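I'm opening a fresh page for this one. The plan is to click around and jot down what I find, entry by entry.

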Amino acid sequence: MAENGYAKPVLVTTDWLAEHLQDDSVVVAEVDENPDLYDEGHISGAVKLHWRDDLQDPVERDLVEKEQFEQLMGSRGISNDTAAVVYGDKNNWFAAYAYWYLKIYGHRDVRILDGGRQKWIDECRELTTDTPQVAPTAYSARDRDESIRAYRDAVRETIGASEEALVDVRSPQEFSGDLIAPPGYEQEGAQRAGHIPSAQSIPWAQAVRDDGTFKSADELRSLYEAKGVTADKAVTAYCRIGERSAHTWFVLRELLGYQDVRNYDGSWTEWGNLVDVPIEKGST
């Protein structure tokens, strides 16, 4: 059992990372909601992964293809045996998305820096603007693991099913339909506001403490079980574009050890624009 009762040893502390920055078997990657932050200063040796330019297909709304992913990993100095440590802003929104993404293509050893970029800064640890010198390497990805990803047709089938749990991780205002998107993202919304019927509102931020670190396993288990999101159910998490729900996916599957958890990365920008699918409004 990992620290704090977690199911898997998938978090690293700032102390651990500081001690392993020179370790050839570790590659640190910063993945920010605001990609410009990397250029303003990043952890020494950390490579940049741009959540949109690197990780999303420029034509289809989808992941990049396997070959492109292999080239991306190799260009960042990540081999199949590398321990990839990801971190970022917004309490690791897109770091969790990158973690989920790497797991889809079968990378074995991925970890998240607990507390992310902000905790590193709050502890007055060093940042640099130096571009790391990366030795490209070969990378061989597996075929996509579709068991951790949900698509809209499957999501529709989960509505109201007793053995399924839908988790809406957005803010209460988005869940109720008062907001289509969070403040500042108004141009990235949907035609309709509200939530998927039978979804439980459990905002992603309830899983972390004020310093951005994850709550203990007991605290997290209580949070989700109180809303009927239990380990014996097939769980699907969604948000607006899939990054906040990746954070909740990480909590449920990796920290709590739930066996069947999927991230619906189409999320509300897809569901809220679909023809002939049901929505609900109102708070929990």
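**Entry 1: an odd loop residue.** I started with Asn 92, which sits in the loop between strand 4 (83-87) and helix 4. Before going on, a reminder to myself: this is a predicted model. I looked up the backbone angle of Asn 92 and got a positive phi of about 75°, although Asn 92 is not a glycine. Most residues other than glycine have a negative phi, so I marked the spot. Is Asn 92 buried or exposed? Its relative accessible area is 1%, so I put Asn 92 down as buried.

**Entry 2: more positive phi values.** I went looking for similar cases and found Ser 267, with phi near 50°, again positive in a residue other than glycine. Ser 267 belongs to helix 10, which covers residues 267-271. With a relative accessible area of 0%, Ser 267 is buried, since the cut-off is under 20%. I also noted Gly 77, just after helix 3, where phi is positive at about 80°.

**Entry 3: the big core.** Next I checked where the nonpolar side chains gather. In soluble globular proteins, such side chains tend to be buried together. Here the largest nonpolar core has 63 residues. Those with the most contacts inside this core are Phe 69, Phe 214, Tyr 224, Val 229, Phe 250 and Leu 255. Which helix gives the most to this core? I found that helix 4 (residues 93-104) does, with 11 residues. Apart from this core lies another, of 12 residues, including Phe 175, Ile 196, Ala 199 and Val 277.

**Entry 4: helix 3.** Phe 69 turned up again when I listed the buried residues of helix 3 (residues 66-75): they are Phe 69, Leu 72, Met 73 and Gly 74. I followed what they touch, and these buried residues pack against helix 4.

**Entry 5: helix 8 and Tyr 224.** In helix 8 (residues 217-225) I noted Ala 217, Leu 220, Leu 223 and Tyr 224 as the buried residues. Why do I put them on the same side of helix 8? They cover an arc of only 125° around the axis, so they share a side. An α-helix has 3.6 residues a turn, so residues three or four places apart point the same way. Among the things covering the buried residues of helix 8 is helix 9. I then took Tyr 224 by itself, skipping neighbours within four places in sequence: its contacts include Ile 202, Ala 207, Thr 248, Val 251 and Leu 256. Leu 252 is on that list too, which gave me my next stop.

**Entry 6: Leu 252.** Leu 252 is in helix 9. Its relative accessibility is 0%, so Leu 252 counts as buried. Leaving out neighbours within four places in sequence, I found Leu 252 in contact with Tyr 224, Val 229, Val 235, Gly 257, Tyr 258 and Val 261. I also checked Leu 252 against Ala 7, 245 residues away along the chain: their C-alpha atoms are 9.6 Å apart.

**Entry 7: rings.** I got a total of 14 aromatic pairs. One of them joins Tyr 99 and Trp 249, a tilted pair at 6.2 Å centre to centre with 55° between the planes. This pair links distant parts of the chain, with Tyr 99 in helix 4, Trp 249 in helix 9 (residues 243-255), and their positions 150 residues apart. Both Tyr 99 and Trp 249 are buried. For Tyr 264 and Trp 271 I got ring centres 6.5 Å apart and planes at 85°, so that pair is edge-to-face. Tyr 264, at 1% relative accessibility, counts as buried, and so does Trp 271, at 0%. I also wrote down one aromatic cluster, whose members include Trp 51, Phe 69, Phe 94, Trp 100 and Tyr 139.

**Entry 8: arginines over rings.** I found Arg 125 over the face of Trp 120, at 5.4 Å from the ring centre. Arg 170 lies over the face of Trp 268, at 4.7 Å from the ring centre.

**Entry 9: Thr 128.** My last stop was Thr 128, in the loop between helix 5 (116-122) and helix 6 (152-158). Its relative accessible area is 13%, and Thr 128 is buried. Which backbone atom does its side chain reach? I traced the side chain of Thr 128 to the backbone nitrogen of Asp 130, at 3.0 Å. Beyond neighbours within four places in sequence, Thr 128 is in contact with Gly 41, His 42, Ile 43 and Ser 44.

Note on methods
Residues are numbered from 1 along each chain as its sequence is written. This is a predicted model: local features need pLDDT of at least 70, side-chain atom pairs count only at pLDDT 80 or more; totals for chains, interfaces and linings use all residues. Side-chain values use heavy atoms; hydrogens and water are left out. A nonpolar core is a set of buried Ala, Val, Leu, Ile, Met, Phe, Trp, Tyr and Cys residues joined through side-chain atoms within 4.5 Å. Buried means under 20% relative accessible area, exposed over 50%, partly exposed in between (1.4 Å probe, protein chains only). Helices (H or I, at least four residues) and strands (E, at least two) are DSSP runs, numbered from the N terminus. Contact means heavy atoms within 4.5 Å. Rings of Phe, Tyr and Trp (its six-membered ring) pair if their centres lie within 6.5 Å; planes under 30 degrees apart count as stacked, over 60 as edge-to-face and the rest as tilted. A charge sits over a ring if NZ of Lys or CZ of Arg is within 6 Å of the ring centre and within 35 degrees of the ring normal. The arc is that of the directions from the helix axis to the C-beta atoms. A polar contact is a pair of N or O atoms within 3.5 Å; within protein, one must be able to donate a hydrogen and the other to accept it, and residues adjacent in sequence count only if both atoms are side-chain atoms.
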